[in-house]
Amino acid sequence: MKTFHCRCGQRVFFDNTQCNRCGAGLGFDSAALELRPLSVHADGGRVDDSGDQWRHCRNREEYELCNWLVPADSTDEFCQSCRLNEVIPNLSTPGNIALWYRLEAAKRRLLYSLIGLDLPINSHDDEPGLRFRFLEDQRRNPNVLEQFVSTGHTRGTITINLAEADDVTRHEIRESMLERYRTLLGHFRHEAGHYYFDLLVPHGPERDEFRGLFGDERLPYEPALEAYYRDGAPPGWPARHVSAYAAAHPHEDWAETFAHYLHIRDALETADDSGLLTGGGNQDWVVRWMSFAVTLNELNRSLGTDDPYPFVFAEPVADRLRFIDRQVGRLA
């Protein structure tokens, strides 16, 4: 995430709606990836410092949970991010608005990265485009129809179980599944990886290279997952995979590695733009990240908190990350 500033010079942040120094309203322009200071126009709309006119997203007007902008001449009520929702939680249920806020905040960070990489969001090839469904199941709310909602992806539609936005529930799942890392943003980035697989790895030389790095994605998928959940990851998986789940099937290896690619890209942009990292030069970006991640983890240990990035890359993982970077760069 790059650094943003208000017109008064105060540093402001991606989710802010107001500058805490001068009180200026703020809104995010997703086309330019800029957080824009706003003034109230004569007709009640909003205008930025260059004279462009905007409206707030309807989800900000009604629920105060979005700071993305809609061009004043657009017929859309919702911003680019909120227009992608197919299903939102039942907002009459106590606590659901707060959980929905967390889901939307994570989704906006995913979209920031995808837009910055010039990856298509609305559609590509025969895919209908990214869409999102935020669902509850009866484990959390006995009054809904769904007995079990699994977080996943189907032809562009990413489904997230609302319970994943609850910190206690997510921690319990993480502990029960022996995971060191489980976050909302990680879910979004992983499922987006599934969506972009065919675009980034077309049939031909790229698919052949993928199979040399990740394995043959044509292997039966459901039996592989059943074996993983029954037996766990194979011995020695850290020498080849970024996570235990990545060892379940080449498609999951791709999605897990793609999520880490976005994690690393966003974190390095933040560190570079904030002045925490200098003098990168020609150093390999994967090596640069692993060096910085050690410092990041040590900072958290100094504060008595868990490592924010509890991973060490074996060389096969680094090679896969570089492959993804090349494929993304091929589209730019």
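Me: Axes are lines fitted to C-alpha atoms (for helices, over the stretch in contact), and angles run from 0 to 180 degrees between N-to-C directions. With that settled, at what angle do helix α2 and α4 pack?
Reply: First, a caveat: this is a predicted model, so local features need pLDDT of at least 70 and side-chain atom pairs pLDDT 80 or more, while totals for chains, interfaces and linings use all residues. Residues count from 1 along each chain as its sequence is written, and side-chain values use heavy atoms, without hydrogens or water. Helix α2 covers residues 96-116 (helices are DSSP runs of H or I with at least four residues, strands are E runs of at least two, both numbered from the N terminus). The axes of α2 and α4 lie 9 Å apart, and the packing angle is about 45°.

Me: Are α2 and α4 parallel, perpendicular or oblique to each other?
Reply: The classes are roughly parallel under 35 degrees, roughly antiparallel over 145, roughly perpendicular from 65 to 115, and oblique for the rest. α2 and α4 pack at about 45°. The pair is therefore oblique.

Me: Which residues of α4 meet α2?
Reply: Contact means heavy atoms within 4.5 Å. On the α2 side you'll find R102, L103, A106, K107, R109, L110, S113 and L114. Facing them from α4 are L184, L185, F188, R189, A192 and Y196.

Me: How far apart are the axes of α4 and helix α7?
Reply: Here α4 (residues 184-200) packs against α7 (residues 250-273) at about 115°. That angle makes α4 roughly perpendicular to α7. As for the distance, their axes are separated by 7 Å.

Me: Which α7 residues make the contact with α4?
Reply: Start from α4, which brings G186, R189, H190, A192, G193, H194, Y196, F197 and L200. R189, A192 and Y196 of that set are also among the α4 residues that meet α2. From α7 come H251, E252, W254, A255, E256, F258, A259, L262, H263 and D266.

Me: What is the strand order in the open sheet of four strands, where the pairing is mixed?
Reply: The edges are β8 and β10 (152-154), each pairing on one side only. Between β8 and β9 there are two parallel bridges (two strands pair if DSSP finds at least two bridges between them). β9 also pairs in the parallel sense with β11, this time over five bridges. So what you walk through, strand by strand, is β8-β9-β11-β10.

Me: What is the bridge partner of F134 in β11?
Reply: Strand β9 spans residues 131-135, and strand β11 spans residues 157-161. R131 stands opposite T157 in β11. On the β8 side, V87 has R133 of β9 as its bridge partner. For F134, the partner in β11 is I160.

Me: Which strands does α4 touch when it packs on the sheet?
Reply: The sheet twists by an average of 25° from one strand to the next. α2 lies across β8, β9 and β11, running at about 155° to β9. The direction of α4 makes about 155° with that of β11. The strands α4 touches are β9, β10 and β11.

Me: How much are neighbouring strands turned against each other on average in the open sheet of five strands?
Reply: This one has antiparallel pairing in the order β3-β4-β5-β6-β7. Its edge strands are β3 (25-29) and β7 (69-71). With direction ignored, the average turn between neighbours is 50°.

Me: In β6, what is the bridge partner of V47?
Reply: Strand β5 (residues 46-48) and strand β6 (residues 53-56) run antiparallel and are joined by two bridges. In β6, V47 is matched with Q53.

Me: Which residue caps the N-terminal end of helix α3?
Reply: α3 takes in residues 167-176, and L178, with a positive phi near 60°, follows it. At the N-terminal end, a side-chain oxygen lies 3.2 Å from the backbone nitrogen of V168. The oxygen belongs to the capping residue, D166.

Me: Which residue's backbone oxygen does the side chain of N300 reach?
Reply: N300 is part of helix α8 (residues 285-302). Leaving out residues up to four places away in sequence, N300 touches T305, D306 and P308. The side chain gets to 3.0 Å from a backbone oxygen, and that oxygen belongs to D306.

Note on methods:
Polar contact = N/O pair within 3.5 Å; in protein donor to acceptor, adjacent residues only side chain to side chain.
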